[in-house]
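Reader: I am new to this structure and would like to look closely at one part of it. Could you take me slowly through a single site and then place it beside the other features you can describe?

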Amino acid sequence: MYNDSRGHTITTCSEDAAVACNLAIQKYCARSADTTATLKRSIEADETCVLSQAMMGLMICSLRKNASLPLAKNAYDIACKHQSSATARERLYVDALQMALQRRPEKLVACFEAIVSEHPKDILALAMAQGEAFWTGDMIRSEKLSRSTVSSWDASITGYGDWLAIRAFDLEETGDLANAERIGRQAIELNQGNIWAAHAVAHVLEMRGESEAGVLWLDSLKEHWTDSNQLKFHLWWHRCLCHVERGEYEEVLEIYDAWIRNPSNPLIEALPDFYLDIQNAASILMRLELVGTPVGNRWQALSAAIETAYLDITSPFTSAHCAMTFAATGEFDKLEKMLSEIESFVTTQGTLSDAYKTCIPVVKGIKAHRQSNHTHALELMMPLRSSLWELGGSHAQRDIIFQIMFDSARQLNQVDLVATLHHDLEKIGFADPTSRAGYQLD
Ligand SMILES: [Fe+2]
């Protein structure tokens, strides 16, 4: 019997398996690119290690790729076979994996909440709960969970910086920008390589419209992201948002080609259709076009990357970005095919199918906007403004849907709708929306 760095049991007879599992938890929180490889070492040392198997399955499910599900199911089967010797906490991870396999994010988060209620220092459950709640748009739930652990954490606990980063992002997405920034910066003082904390503060600066500070912040930390997973590309996406605000479109295109969509980057080579990368790329190209900047043949290259992934109906927010891509390339047949898959999916039960009900008019609205049918685009999308959170993602990410609506309102010279959208943005928490790029009347 072994423990993780916070004293939770890792049931295994192999010290190597326990050490590698504990390290994998640390690397998961740090968004290290070799987290999966580390976890594999644990499983190679002891295939019966239930926590490592469950964690592996959960990480595979979090890729939101249907083709990978058999691997996750295999991990689940092995974990089930050996779970009678595991602790109640480890068995809850197996339950979580079962919910992930069934694509039931609400129940999946409930499993993590059950773990945290008994084990508030379980940083893996906190991190995974935040990730899943985020992609259902329910950051109020995530904030409530991290708030419940405040009295359990202090600087003496291993992983305190990771906990601060989780807390900072929860606070940012639920509107407490001051404390989010304070706690995020505290985490960076402990470790400049804390990329999740860097990300939380970047969000604060984005909401405040502090684009120069955003560039300086991300520039000062970028050297620490060498070993990070794809989250570093998302940090470069955040930097692009700052450059768009400053009218520095050449910089945006350079960053796009070097980081956001660089086909020779090993992480993109290994997983060319990773959902977050697709979102980053489509969102930036769309933002550039909305401010009148040509993007060359980049949409076509992006479309090629999602050749099969667009039929994974596993993330409404990603599907919306696939729709932007196919609308831009004029591949309306693919857009319609995806729509028909989504329409079939929403007849199933569960949180994700409910979210996809909101996604349908968004996809149709994106198509109508691209076809300059702005009246129809607004008819489809304006009634959804208070439901868009269901798609998942952050305020900063969902902003692109508002920008598309704004563009249609601007094209039609609908001054009342322009004012409504400015008001919406203010209510969401964006500072000074009338001065933002993408929200200007010519
Ligand atoms: Fe972000």
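Author: In this predicted model, a good place to begin is His203, which is buried, with a relative accessible area of 0%. His234, at 3% relative accessibility, is likewise counted as buried, because the cut-off for that word is under 20%. Both residues belong to the site of the iron ion, whose protein donors are His199 (NE2), His203 (NE2), His234 (NE2) and His238 (NE2), lying 2.1 to 2.2 Å from the ion. Along the sequence these donor residues follow the spacing H-x3-H-x30-H-x3-H. His203 lies in helix 11 (residues 195-208) and His234 in helix 13 (residues 231-245), so this pair ties together parts that are 31 residues apart in sequence. The angles among the four donor atoms run from 88 to 177 degrees, and the site of the iron ion is irregular.

The pockets can be described next. The largest pocket holds about 1,200 Å³ of space, and among the 46 residues that line it, Tyr28, Met59, Ser62, Leu63 and Asn229 are the closest to its centre. Helix 7 (residues 123-135) gives the most to this lining, with seven residues, and the lining of the largest pocket as a whole divides into 27 nonpolar, 14 polar and five charged residues.

The second largest pocket has about 500 Å³ of space and is lined by 22 residues, with Ser386, Trp389, His395, Arg398 and Ile428 nearest its centre. Helix 8 (139-147), helix 22 (395-411) and helix 23 (415-428) are the elements that give two or more residues to the lining of this second pocket, which divides into ten nonpolar, five polar and seven charged residues.

Conventions
Residues are numbered from 1 along each chain as its sequence is written. This is a predicted model: local features need pLDDT of at least 70, side-chain atom pairs count only at pLDDT 80 or more; totals for chains, interfaces and linings use all residues. Side-chain values use heavy atoms; hydrogens and water are left out. On a 1 Å grid over the protein atoms alone, a cavity is a set of points where a 1.4 Å probe fits but cannot get out, and a pocket is an open set with protein on both sides within 12 Å along at least five of seven lines; lining residues have an atom within 4 Å of a point. Grid points are joined across faces, edges and corners, and a volume is the space filled by probe spheres set on the points. Helices (H or I, at least four residues) and strands (E, at least two) are DSSP runs, numbered from the N terminus. Ala, Val, Leu, Ile, Met, Phe, Trp, Tyr, Cys and Pro count as nonpolar, Asp, Glu, Lys and Arg as charged, and the others, Gly among them, as polar. Donors are N, O and S atoms within 2.8 Å of the metal (3.2 Å for Na, K and Ca); water is not among the atoms, so sites may look incomplete. Four donors count as tetrahedral if all angles lie between 85 and 135 degrees; four count as square planar and six as octahedral if opposite donors are over 155 degrees apart and all others between 65 and 115; anything else is irregular. Buried means under 20% relative accessible area, exposed over 50%, partly exposed in between (1.4 Å probe, protein chains only).
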